[in-house]
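Visitor: Could you take me closely through one part of this model, the place where the two chains meet, and say which terms and cut-offs the description rests on?

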Amino acid sequence: MLQKLHTSGLALMIVAGFAAQPALAEAPNQILDSIQTAAKNTPGFKGFSAARGESFFKAKQANGLSCASCHTDNPAAPGKHEKTGKAIEPLAPSANAQRFADPAKVEKWFKRNCNDVLARVCTPQEQGDVLSYLLTIKN
Amino acid sequence: MSLSHKKLSGLAIAMLAMSLSMPAAQADDDDNEGRGSRHGKYGGEDRGRQVQPAQVNAKWQKECSSCHIAYAPGLLPAESWRKVMGGLNKHFGTDASLTAQENQEITDFLVNNASNRWTAPTAPLQISETAWFKRKHDSHEVPAAVWKNPLVKSPANCQACHTQAERGDFSERNIKMPR
């Protein structure tokens, strides 16, 4: 009986996994578009800047942290969690096709990482600048 | 508590079945060690007989392994997991928050597979604070110099020594201490 329960549970998980994949897959540009839609609502929005994104990414905050603390100064290279030392796959989409493909994942990590680095969420402007920067990086 | 009887007895049967089917090599070597105190071994702060079930929850595996290895549920008691999962937005100095739905699913998995040998009323947030951990990693087992090795960094860095930690395997044959 236990065996049966386990097997059907596994089958369910596999089915759910497959079903979820295609619906989630999106191109980084589509994600940039939806960030832009959000940014347009802010007064004075004049588009995204990769250069501003790069300085934001590398700027050390008062707590000594920057995005580069874990993702390194070269987002096409593997990173390393500054506290635990765990390896982090490259962040630039050119080096890692899994990046910026799942809107929910992107939203989750922008929230977490911005809270860690800036002690607040990132604005749509900042998110769009960072993604624009990451999209200019060639592997 | 809203845990139904059915669920509890199902769990008990599952746990019994697992322990019966556990290969001898994996069985715990602790049973002959330690003197029984009021609470049992390690003052009641013992890890589960089996720390990781054969079938793990996929969300737990994915979400709890992005910053460190996914720590096996049986390393801590249920109450510890409830505390950890209740404070993910301020998790050891980092924001590890989840959606309410993800949180519920992962909490259920952790609580249902938490240590089944923990009898003390304590609920530490860190594995390295538990009595079983301290005993298993005292200066006889792990020389002080090893903890200072930069490859180890933190006691929470289990896989620095336990090469199969990610699979919930902490058996002695898979220990390789960095030097």
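**The interface of chain B and chain A**

Guide: A good place to begin is B:Glu102, which forms a salt bridge with A:Lys108, the closest N and O atoms being 3.0 Å apart; the term stands for a side-chain nitrogen of Lys or Arg within 4 Å of a carboxyl oxygen of Asp or Glu. This is a predicted model, in which local features need pLDDT of at least 70 and side-chain atom pairs count only at pLDDT 80 or more, while totals for chains, interfaces and linings use all residues. Residues are numbered from 1 along each chain as its sequence is written, chains are lettered from A and ligands numbered from 1 in the order in which they are written, and side-chain values use heavy atoms, with hydrogens and water left out.

The pair just described belongs to a network of salt bridges that links A:Lys108 and A:Arg112 with B:Lys62, B:Glu63 and B:Glu102. Across the interface of chain B and chain A the rule finds three salt bridges, whereas the count over all chains comes to 13. The same boundary also holds 12 residue pairs in polar contact, both residues being at pLDDT 80 or more; such a contact is a pair of N or O atoms within 3.5 Å, where, within protein, one must be able to donate a hydrogen and the other to accept it, and residues adjacent in sequence count only if both atoms are side-chain atoms.

On the side of chain B that touches chain A, the elements that give two or more residues are α1 (5-21) and α2 (58-63) of chain B, helices here being DSSP runs of H or I with at least four residues and strands runs of E with at least two, numbered from the N terminus. By class, that side has eight nonpolar, seven polar and four charged residues; Ala, Val, Leu, Ile, Met, Phe, Trp, Tyr, Cys and Pro count as nonpolar, Asp, Glu, Lys and Arg as charged, and the others, Gly among them, as polar.

In terms of extent, 19 residues of chain B are in contact (heavy atoms within 4.5 Å) with 16 residues of chain A. The two chains bury about 1,600 Å² between them, 47% of it on carbon and sulfur atoms, where buried area is the accessible area (1.4 Å probe) that two parts lose on being put together, summed over both. Of the area that chain B buries against chain A, B:Gln55, B:Cys67 and B:Asp95 supply 35%, more than any other three residues.

Helix α2 of chain B also takes part in a pairing within its own chain, since B:Lys59 lies in that helix and B:Glu105 in helix α4 (residues 100-112) of chain B, so that the pair ties together parts that are 46 residues apart in sequence. This is again a salt bridge, with the closest N and O atoms of B:Glu105 and B:Lys59 being 3.6 Å apart. B:Glu105 is partly exposed, with a relative accessible area of 34%, and B:Lys59 counts as partly exposed at 32%; buried means under 20% relative accessible area, exposed over 50%, and partly exposed in between (1.4 Å probe, protein chains only).

As background to this side of the interface, chain B has six helices and zero strands, and of its 179 residues 42% count as buried. Among contacts in chain B between residues at least 6 apart in sequence, 64% join residues at least 24 apart.
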